[in-house]
Amino acid sequence: MAVTATVRRRVTEDRVSVSIPSYNFPHSIIDHTKVKKGQPIELRGYVTRIDDRKLTVDLGQLVTVDLDKVRLMEKYRAPKRRTPLRDKVD
C-alpha cells in the first residue's frame with residue numbers, strides 16, 4: 001500500500017517531518033534526497049490490519065489512516081506450487 005504524505009520540514013540532515021492525511025500524530029522519515037517543504041512524497045508499506053473504515057500500514061512504525069487515503073500498489077498473488085500435493089494414482 002502507498003500513502004501520499006506532504007513534507008513539513010527538515011528535522012536533521014537525513015530526517016524529514018511529514019504530514020500524513022487522517023493521521024493526527026507527528027511522523028518523520030529518513031530521507032537522503034533533497035526534498036523541499038510542501039513536496040508530496042510516497043510512503044510504501046505492508047498492511048497489518050483492516051477495520052471498518054481504517055487501515056493500519058507498517059511504514060517502519062504502525063500508522064492508521066482512513067481507507068480512502070491509501071492506494072494499492074500490487075495485487076496479492078498466492079505462491080504457485082512446483083510440486084503437486086499428492087501423486088496421481090492411475
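Here are some short exercises on the structure above, each with a worked solution.

The model is predicted, so local features need pLDDT of at least 70 and side-chain atom pairs pLDDT 80 or more, while totals for chains, interfaces and linings use all residues. Residues are numbered from 1 along each chain as its sequence is written, and side-chain values use heavy atoms, with hydrogens and water left out.

**Exercise 1. Find out how confident the predictor is along the chain.**

Start with pLDDT, the predictor's confidence in each residue, from 0 to 100. The chain has a mean of 86, and 94% of its residues reach 70 or more. Next, go by element: strands are DSSP runs of E, at least two residues long, numbered from the N terminus. Strand 2 comes out highest with a mean of 93, and strand 8 (residues 70-71) lowest with 88.

**Exercise 2. Work out which residues sit at the heart of the largest nonpolar core.**

First, the term: a nonpolar core is a set of buried Ala, Val, Leu, Ile, Met, Phe, Trp, Tyr and Cys residues joined through side-chain atoms within 4.5 Å. Buried means under 20% relative accessible area, exposed over 50%, and partly exposed in between (1.4 Å probe, protein chains only). This core has 18 residues, and Val18, Ile20, Ile41, Leu43 and Val70 touch the most other members. Then see who supplies it: strand 1 (2-10), strand 2, strand 4 (40-44), strand 6 and strand 7 (62-66) each give at least two residues. Strand 1 provides the largest share, 3 residues. Last, zoom in on Val70: leaving out residues up to four places away in sequence, its contacts (heavy atoms within 4.5 Å) include Met1, Leu55 and Val65.

**Exercise 3. Decide whether Thr56 is buried or exposed, and find its polar partner.**

Locate Thr56 in strand 6 (residues 54-58). Thr56 counts as buried because its relative accessibility is 10%. Now look at its side chain, which makes a polar contact with the side chain of Thr64 at 3.1 Å. For that term, take a pair of N or O atoms within 3.5 Å; within protein, one must be able to donate a hydrogen and the other to accept it, and residues adjacent in sequence count only if both atoms are side-chain atoms.

**Exercise 4. Say what is unusual about the phi of Ser22.**

Go to the loop between strand 2 (15-19) and strand 3 (27-30), where Ser22 is found. Recall that most residues other than glycine have a negative phi. Ser22 is not a glycine, yet its phi is positive, about 65 degrees. Ser22 counts as partly exposed, because its relative accessibility is 25%.

Terms used
Helices (H or I, at least four residues) and strands (E, at least two) are DSSP runs, numbered from the N terminus.
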